[in-house]
Amino acid sequence: MRVLGIDPGLTRCGIGIVDGGLGRKPRFVAAGVVRTDAGLDVALRLLALEAGLAEWFDEYAPEAVAIERVFAQHNRHSVIDTAQASGVAALVAARRGLPAAFHTPSEVKAAVTGSGRADKAQVGLLVAKVLGLTAAPRPADAADAVALAICHLWRGGATNRLVTATLAARGSL
């Protein structure tokens, strides 16, 4: 399965793509960021973000999308920007008929490092180690997006299979 991880942001939106499946070591495909000009009107920035994300979806044809769940920070303005970017990411996935899952930062950290309190450096180090890379993807937003994709492969897929099996057993599918 190919998972596209998204670390949402309005200025820098991290993108990470990983292939993997049950019993297979995750394989790094690509990572980068979609940037928008902070001087533009917010609506135009969201439009630019949508176009940038669409290019990644079109080029790499993911089968699932993992988006970092927005959490409250001290700066309400940045939370709003991040939430808007998250919504655009979910919209781009939905337009393509792809499932989008939301993972909390602590869930991603725990999946990749074993600790939900790991710092960015630890996450980057373990992402590189898991994928057999010499260094973590750069910038940090891209490494976080790759960590999201790994988390989804390891946790999201199992959760989705459990829900599907439960619904099938109940005759709800």
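## Reading a predicted model, feature by feature

Guide: In this predicted model, the side chains of D141 and R12 meet in a salt bridge, with 2.6 Å from N to O. The two partners come from distant parts of the chain, since D141 belongs to helix α5 (residues 140-170) and R12 to strand β2 (residues 12-21), and they stand 129 residues apart.

Visitor: What lets side chains of opposite charge pair, and how many salt bridges does the structure hold?

Guide: Side chains of opposite charge can pair when their charged atoms come close. In this structure there are six salt bridges, and the one between D141 and R12 is an example.

Visitor: How should I read the packing of two helices, and at what angle do α3 and α4 pack?

Guide: The idea is to look at the angle and the distance between the axes, and then at the residues that touch. Helix α3 (residues 105-113) packs on helix α4 (residues 120-131) at about 45°, and their axes are 9 Å apart. Because of that angle, α3 is oblique to α4. The crossing in which α3 passes α4 is left-handed, and the contact involves K109, V112 and T113 on the α3 side, with Q122, V123, L126 and V127 on the α4 side.

Visitor: Which hand does the crossing of α1 and α2 have?

Guide: That crossing is right-handed. The axes of α1 (residues 42-60) and α2 (residues 76-95) cross at roughly 40° and come within 10 Å, so α1 is oblique to α2. Among the α1 residues that meet α2 are L46, L49, L53 and F57, and their partners in α2 include A85, V88, A89 and V92.

Visitor: Where is there a nonpolar patch on the surface?

Guide: Here one looks for nonpolar side chains that are exposed and grouped together. In this model L40, L44 and L47 make a nonpolar surface patch of about 270 Å², and L47 of that group is found in helix α1.

Visitor: What sign does phi have in most residues other than glycine, and what form do most peptide bonds take?

Guide: Most residues other than glycine have a negative phi, and most peptide bonds are trans. A61, in the loop between α1 and β4 (64-68), has a positive phi, near 45°, although this residue is not glycine. The peptide bond from R138 to P139 is cis, with omega near -5°, and P139 lies in the loop between α4 and α5.

Conventions. Residues are numbered from 1 along each chain as its sequence is written. This is a predicted model: local features need pLDDT of at least 70, side-chain atom pairs count only at pLDDT 80 or more; totals for chains, interfaces and linings use all residues. Side-chain values use heavy atoms; hydrogens and water are left out. Patches are made of residues with over 30% relative accessible area and no salt bridge: like charges are joined within 9 Å, nonpolar side chains (Val, Leu, Ile, Met, Phe, Trp, Tyr) within 5 Å. Accessible areas come from the Shrake-Rupley method with a 1.4 Å probe; for residues, only the protein chains shown count as cover. A salt bridge is a side-chain nitrogen of Lys or Arg within 4 Å of a carboxyl oxygen of Asp or Glu. Helices (H or I, at least four residues) and strands (E, at least two) are DSSP runs, numbered from the N terminus. Axes are lines fitted to C-alpha atoms, for helices over the stretch in contact, and angles run from 0 to 180 degrees between N-to-C directions. Angles under 35 degrees count as roughly parallel, over 145 as roughly antiparallel, 65 to 115 as roughly perpendicular and the rest as oblique. A crossing is left-handed if the near helix is turned anticlockwise from the far one by less than a right angle, and right-handed if clockwise. Contact means heavy atoms within 4.5 Å.
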